[in-house]
Amino acid sequence: YLPFEHNDYIFPIVCEELGYIGAMAVLILFAMLIIRGYWIAMHARDRFGALLAAGITTHLALQTFLNIAVVTNFLPATGISLPFFSYGGSSMLSMYMCLGVLESICAHNRKYYFEREDG
């Protein structure tokens with residue numbers, strides 16, 4: 001029995017439906033997204049972009065870790081949703097906007113490197 005299977009406890013439902021391989025795939029995809037976010041932060045062309053990218057990535061990492069820790073009974077229930085999976089429009093919209101900002105930092109970084117190589 002799960003109290004809020006469509007909100008906070010979506011990860012156990014994903015594990016039940018997709019099995020061990022599906023659960024590991026979800027965790028690996030989150031890990032790749034977090035690693036890529038920190039890579040963008042380390043290679044940003046200015047300090048503001050680096051700090052913004054690191055903050056967005058840390059927010060994503062903490063939200064993911066806290067939700068998975070709650071559903072595995074490692075931590076008490078906190079009410080934090082799993083990014084990109086839990087039901088809720090405002091959380092989903094804010095995470096998409098954060099990823100848009102992160103992609104913008106990455107795009108400006110690529111533009112800087114291409115201009116530097118040409119000029």
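A search of the whole structure, which is a predicted model, turns up 1 cavity of 30 Å³ or more. The volume of the largest cavity is about 40 Å³. Its lining is made by S81, L82, P83, F84, S86, Y87, G88, S91, M92 and M95. Sorted by class, these lining residues comprise 6 nonpolar and 4 polar ones, with no charged residues.

One member of this lining, F84, deserves a second look. F84 sits in the loop between helix 2 and helix 3. Its backbone has a positive phi of about 70°, although F84 is not a glycine. With a relative accessibility of 24%, F84 counts as partly exposed, because the buried class is kept for values under 20%. The loop between helix 2 and helix 3 also holds N73, where phi is again positive, at about 60°, and the residue is likewise not a glycine. N73 has a relative accessible area of 68% and is therefore exposed, since that class begins over 50%.

Stepping back to the whole fold, the protein contains 3 helices and 0 strands. Read from the N terminus, the order of elements is α-α-α. Helix 2 covers residues 47–71, and helix 3 covers 89–118. Of the 119 residues in the protein, 30% are buried. The accessible surface amounts to about 7,800 Å², and carbon and sulfur atoms account for 67% of that surface. What share of the contacts between residues at least 6 apart in sequence joins residues at least 24 apart? In this protein the share is 56%.

A pair of phenylalanines gives a concrete look at positions separated along the chain. F65 belongs to helix 2, and 35 residues along the chain separate F65 from F30. In space, the C-alpha atoms of F65 and F30 are 9.8 Å apart. As for its surroundings, F65 has a relative accessible area of 47%. This value makes F65 partly exposed, because it falls between the limits of 20% and 50%.

Cysteines complete the picture. How many disulfides does the model contain? The count comes to 0. Is C106 buried or exposed? C106 counts as buried, because its relative accessibility of 4% is under the 20% limit. C98, in turn, has a relative accessible area of 23% and so is partly exposed.

How values were computed
Residues numbered from 1 in each chain as written. Predicted model: local features only at pLDDT ≥ 70, side-chain atom pairs only at ≥ 80, totals over all residues. Heavy atoms only, no water. Helix = DSSP H or I, 4+ residues; strand = E, 2+ residues; numbered from the N terminus. Buried < 20%, exposed > 50% of the residue type's maximum accessible area, 1.4 Å probe, protein only. Contact = heavy atoms within 4.5 Å. Areas by Shrake-Rupley, 256 points an atom, 1.4 Å probe, with all protein chains shown as cover. 1 Å grid on protein atoms, 1.4 Å probe; cavity = no way out; pocket = protein on both sides within 12 Å on 5 of 7 lines; lining within 4 Å. Points joined across faces, edges and corners; volume = space filled by probe spheres on them. Nonpolar A, V, L, I, M, F, W, Y, C, P; charged D, E, K, R; others polar. Disulfide = S-S within 2.5 Å.
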